[in-house]
Amino acid sequence: RDLHLSVAPFDRLAPLDLCLNYGIAPAAWLVTQVSSGQERVLSEIAPSSDDTSPRAYLQEFRRLYPQRSSGQNVRIYGEVSQTSSRSDFEIIRAGLPRAQVFVRQKPMQEKDRINAVNQRLRDSYGDVGATVDPSCVRLIRDFEGTRNIEASFRVTKETGMGFYAAALGAKYAFLYPAILDTIRETSSVHQWPESTPEARAAYHAVERALAKGTIRKPKTCEECLSIRPLQ
């Protein structure tokens, strides 16, 4: 607590990040920001009534952050790997129409979230990259009470803990991945796939098909569902 708990004031100029875990009931929402180069968890969104629908969460978010009620300067992180969570996500997206969306369709591995969160809290050099506002009691409970099972990367959530940490991991694993195999793989590649004759032929084939109208380019990324230049 001495190391990571710190009151985090809302920076009106910096983007506001919504970290969502809505594959559970009730859902886990965290509001975070990057300020002065450090990640800060500002608050937890929890409706005051028994209504735990996405609309109730949106209403509470707008109450706490009326300046961002349209989604302007807001980024959303999460997963939509199930039909129920996709339905919730569409409601959230419609409620914050101007927000940027970085949401995955395929669920990431638990170990990827754990590694990303751990290294952001405190890396191997001892540097602290994230702080948590003391008001975030559910996230603090997760960090203090969740244990992995038999020294593996499986985390027990039977006690009702771990869901807020997973919400935070949806953002951290996206922005600060700590996947050693991927790092080794990309750092050892001397020739990018695009430079091979087969890859160039494939790109040209796609360009010709797009020009003829044989195939249509989607408007959203099939991996994260965000609307931005596609790769």
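Two strands count as paired if DSSP finds at least two bridges between them. In this predicted model, strand β1 (residues 16-21) and strand β2 (residues 28-35) run antiparallel and are joined by five bridges. Within that pairing, cysteine 19 has leucine 30 of β2 as its bridge partner.

Both strands belong to an open, mixed sheet of six strands, ordered β5-β4-β1-β2-β3-β6. Its edges are β5 (100-104) and β6 (130-132), each of which pairs on one side only. On average, and with direction ignored, neighbouring strands of the sheet are turned by 25° against each other.

Two helices lie across strands of the sheet, as tabulated here.

| Helix | Strands crossed | Angle to β2 |
|---|---|---|
| α1 (residues 54-64) | β1, β2, β3 (38-45) and β4 (74-79) | about 35° |
| α5 (residues 163-175) | β1, β2, β3, β4, β5 and β6 | about 40° |

Arginine 113 is placed in helix α3 (residues 110-121). Its relative accessibility is 13%, and arginine 113 therefore counts as buried, the cut-off being under 20%. Apart from neighbours within four places in sequence, arginine 113 contacts Glu79, Met108, Ala166, Gly169, Ala170 and Ala173.

Valine 206 is found in helix α7 (residues 197-212). With a relative accessible area of 41%, valine 206 is partly exposed, because this class lies between the limits of 20% and 50%. Together with Leu210 and Ile215, Val206 forms a nonpolar surface patch whose combined accessible area is about 220 Å².

Methods. Residues numbered from 1 in each chain as written. Predicted model: local features only at pLDDT ≥ 70, side-chain atom pairs only at ≥ 80, totals over all residues. Heavy atoms only, no water. Patch = residues over 30% accessible without salt bridge, like charges linked within 9 Å, V, L, I, M, F, W, Y side chains within 5 Å. Areas by Shrake-Rupley, 256 points an atom, 1.4 Å probe, with all protein chains shown as cover. Salt bridge = Lys/Arg side-chain N within 4 Å of Asp/Glu carboxyl O. Helix = DSSP H or I, 4+ residues; strand = E, 2+ residues; numbered from the N terminus. Buried < 20%, exposed > 50% of the residue type's maximum accessible area, 1.4 Å probe, protein only. Contact = heavy atoms within 4.5 Å. Axes fitted to C-alpha atoms, helices over the stretch in contact; angles between N-to-C directions.
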